[in-house]
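This report looks at one residue and its surroundings, and then at the ligand and the residues around it.

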Amino acid sequence: MSNWASRNCVIVGASGGIGAAFAEHLVERKEVETVLCLSRKGVAPIASPKVQADRLDYADAGTIEAAAEKAKARGPLDLVIVATGLLHDGEFGPEKSLRDLDAERLTRAFHVNTIGPTLVARHFLPLMRRDAKSVFAALSARVGSISDNRIGGWYGYRAAKSALNQVLRTAAIEHARRWKEGVVIGLHPGTVDTQLSAPFQGNVADGKLFLPAHATSMMLDVVDGLRATDTGKVFAYDGSEVPA
Ligand SMILES: NC(=O)c1ccc[n+]([C@@H]2O[C@H](COP(=O)([O-])OP(=O)(O)OC[C@H]3O[C@@H](n4cnc5c(N)ncnc54)[C@H](OP(=O)(O)O)[C@@H]3O)[C@@H](O)[C@H]2O)c1
């Protein structure tokens, strides 16, 4: 593909373990000119002249549109990474059984894992560069794969990531009509040592718990290698496709 250079980048969820590690890698790249770091607190995860920070909170949809307006002012975007997500918080963890389900928990899971990233796609995809490869990548998870679901559990998170994958595929189809070199994908980062995975790291096989810097370096290699024909798919950190 022609002229891939991640010059003008946006990270949504730059305060998270994975989002911050993406920012650290991107500022080190010579080609990168700007990294707009968006998060609920609006604080830059690292100090760099390339980094600007602003607020984006899924609880206030107007902040998504306002952040997109600011991004637009800097010219076409080459790379947008959506690294937000919710598996547990102080009040709830992933549901093991139908008995654990309630409307509020499910709504929260879908709000952060599906609806928020969908609205980011709605406002940021029109800003992507059109005359060369551009990449919109949202952090998904292997548990969002329906065909790969053999152990069950984690109803809300699992279903919300499946729904996210469907949104990404649908947006990829529409986007490809005008952005011939535009790529819209989901990314599975592996199990990464962040607060999101912290309560569930006990069963991870030796060598399979990645540091955020390692996981994001592998995912950027995947992003660099993407072609237009990859749009609409979900890829794991090692470049393998995660089945729908
Ligand atoms: N870590 C893993 O093992 C793993 C595995 C598979 C997939 N993933 C996916 O990778 C992505 C990043 O996860 P992580 O491990 O970096 O988790 P993390 O450290 O908990 O980061 C989560 C990010 O989402 C943001 N967020 C949460 N609720 C939000 C809201 N209402 N509005 C806006 N932002 C919100 C957080 O912002 P605050 O800082 O303001 O809370 C934070 O920036 C997620 O999509 C996750 O599902 C992670």
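In this predicted model, leucine 87 touches Phe92, Gly93, Pro94, Trp154, Tyr157, Leu196 and Phe200, if residues up to four places away in sequence are left out of the count. The position of leucine 87 is in the loop between β4 (79-82) and α3 (103-124). With a relative accessible area of 4%, leucine 87 counts as buried, because that value falls under the 20% cut-off. Aspartate 57 is 30 residues apart from leucine 87 along the chain, and the C-alpha atoms of the two are separated by 17 Å.

Tyr157, one of the residues that leucine 87 touches, also belongs to the group that comes nearest to the ligand, together with Ser15, Thr84, Thr194 and Gln195, out of 26 residues around the ligand. By class, this shell has eleven nonpolar, twelve polar and three charged residues. At least two residues of the shell are supplied by each of α1 (17-28), α4 (155-176) and β7 (191-192).

The following polar contacts link the protein to the ligand, with the kind of atom given on each side.

| Residue | Protein atom | Ligand atom | Distance |
|---|---|---|---|
| Glycine 17 | polar backbone atom | oxygen | 2.8 Å |
| Arginine 40 | polar side-chain atom | oxygen | 2.7 Å |
| Tyrosine 58 | polar backbone atom | nitrogen | 3.0 Å |

Taken alone, the ligand exposes 900 Å², and the protein buries 88% of that area.

Notes
Residues numbered from 1 in each chain as written. Predicted model: local features only at pLDDT ≥ 70, side-chain atom pairs only at ≥ 80, totals over all residues. Heavy atoms only, no water. Helix = DSSP H or I, 4+ residues; strand = E, 2+ residues; numbered from the N terminus. Buried < 20%, exposed > 50% of the residue type's maximum accessible area, 1.4 Å probe, protein only. Contact = heavy atoms within 4.5 Å. Near = heavy atom within 4 Å. Polar contact = N/O pair within 3.5 Å; in protein donor to acceptor, adjacent residues only side chain to side chain. Areas by Shrake-Rupley, 256 points an atom, 1.4 Å probe, with all protein chains shown as cover. Nonpolar A, V, L, I, M, F, W, Y, C, P; charged D, E, K, R; others polar.
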